[in-house]
Amino acid sequence: MAKKIPQPTTPPRERAFLAGVELHDNKQLLSLEDSLAELALLADTAGVDVVGEITQKLSRPHVETYIGPGKVEELKLLSEETLAEVVIFDDELSPRHQRELEKALGKNIRVIDRTALILDIFAQHAHTKEGMLQVELAQYEYNLPRLTRAWTHLERQAGGGGGRAGSTGGVGLRGPGETQLEVDRRTIRKRISHIKTELEKVEAHRLRYRAQRKRSRIPTVALVGYTNAGKSTLLNRLAKADVYVANQLFATLDPTTRRVQLPGDNLALITDTVGFIQKLPTALIAAFHATLEEIAEADLLLHMVDISHPNALGQYQAVLQTLEEIGANHIPMITALNKADQLKDPENAARILENFPKSVAISALKGTGIDNLLMLVQAELFEAYEQIGVRLPYKEGALISLFHELGQVERVEHERGGVIIHGSIPGRLLAQFAAWKIKPNSSSPHIAEEENDLEEV
């Protein structure tokens, strides 16, 4: 009897060919080479082996196939030669580009873009109900305009009456007819509507939770940074937590909050959030609205930067750009230059610090510089005061009380509909008073509304 040969239980990894385009008028934070290297890491995280790459410089994308016709032929030959099963583009493709490329490359080669790859990674790493709903919503909204190519092989389900349009269809199928594409679109739109309703409940829950945290007067710190910068490792170090850590992109998606003891017997709540990346899909920003609000509502941002990365500055700028997109760029921020122990010349860290405001060099894995980091967080949350003047309506009694309780009041003026307060408040509270800040030679619209209400009474 022949001996059985053991077979592997894990499915074989797909083979992928990468394609990148550099547009002359499109300035990117990362070079084309660095961007493709990052795309290769994303592919590896998704469980795909990269077998080659191709690049092209264009003034603008080709109207049909994104890259030029000659490059498409070259890509087809290289993909067949390397036995690639999928081609991954570094930019988001329009539905037409994707459809024409798949037609040109042949039915055995799938074409996806950077957005689809990131969505696939998110789908693998989402574990909580909220995370899975957010990823599902992003996938549906991405795929909805791309359904056409998925149903080109199907005909109408039904169509025409027997006498008027021949014998199309059978018993029970005659009528105006409906394409499978239309059925699918309607089903997806219903599902999108349902997911959004569920996420609204999640957002309401987060809102109540954040209000409860504010009442406790414990400040919140949001860990932000490029993906794989070491945020989860730092949270585990600070809070002795057990957040999942892996040396891969987007290892954790769901926000995790832990209480951390600061110098001077003060407490802070530190939240680990989803990592950022250049060309972050807009569908993800929209779907992760409830999660990203954790960042926008924080008292302080702790920006983690992988200082050992060759393009650390580009990643730093990409995070700042994303913070601006989600409306969190006004929040006070300190910078932790992580993985300083991996620098060839550790003394370089001191010189690098000069390029980053309010920064400290650390190693989250080895614990180097953690005490200095906590002292910087303590100073920003409890010792750094900012001069401010605010005009608050009387209905904002909680903010008036907060200013008197935690701030240093210099002058108070009562006026019709509200109160003007001048003084200093901890930097972490600036975001809460931003809407009421007095601007030179301008009056607050909030007070104007309050006065109008009083006049009507």
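Here's a quick tour of how sure the predictor is about this chain, what sits in its nonpolar cores, and one buried glutamine. Keep in mind that you're looking at a predicted model. The chain's mean pLDDT is 80, with 81% of its residues at 70 or more.

**Confidence**
- Go easy on residues 151-169, where the pLDDT is below 50. Beyond near neighbours in sequence, the model still gives this stretch 29 contacts.
- Residues 443-457 also have a pLDDT below 50. This second stretch has 19 contacts in the model, again leaving out near neighbours in sequence.

**Nonpolar cores**
- Nonpolar side chains tend to be buried together in soluble globular proteins.
- In this model, the largest nonpolar core has 64 residues. The members that touch the most others in it are I88, I295, L301 and L323.
- Looking for the top contributor to that core? Check helix α4 (residues 114-125), which gives the most, with 6 residues.
- Zoom in on L301 and you'll find that it touches A222, V224, I295, L323, A328, I331, P332, M333 and I334, if you skip residues up to four places away in sequence.
- There's also a second, separate core of 24 residues. Among its members are A239, L300, A336 and I362.

**A buried glutamine**
- Q98 is part of helix α3 (residues 95-105).
- Its relative accessibility is 2%, so Q98 counts as buried.
- What does the side chain of Q98 have 2.9 Å from one of its polar atoms? That's the backbone oxygen of V111.

Key:
Residues numbered from 1 in each chain as written. Heavy atoms only, no water. pLDDT = per-residue confidence, 0-100. Contact = heavy atoms within 4.5 Å. Core = buried A, V, L, I, M, F, W, Y, C linked by side-chain atoms within 4.5 Å. Buried < 20%, exposed > 50% of the residue type's maximum accessible area, 1.4 Å probe, protein only. Helix = DSSP H or I, 4+ residues; strand = E, 2+ residues; numbered from the N terminus. Polar contact = N/O pair within 3.5 Å; in protein donor to acceptor, adjacent residues only side chain to side chain.
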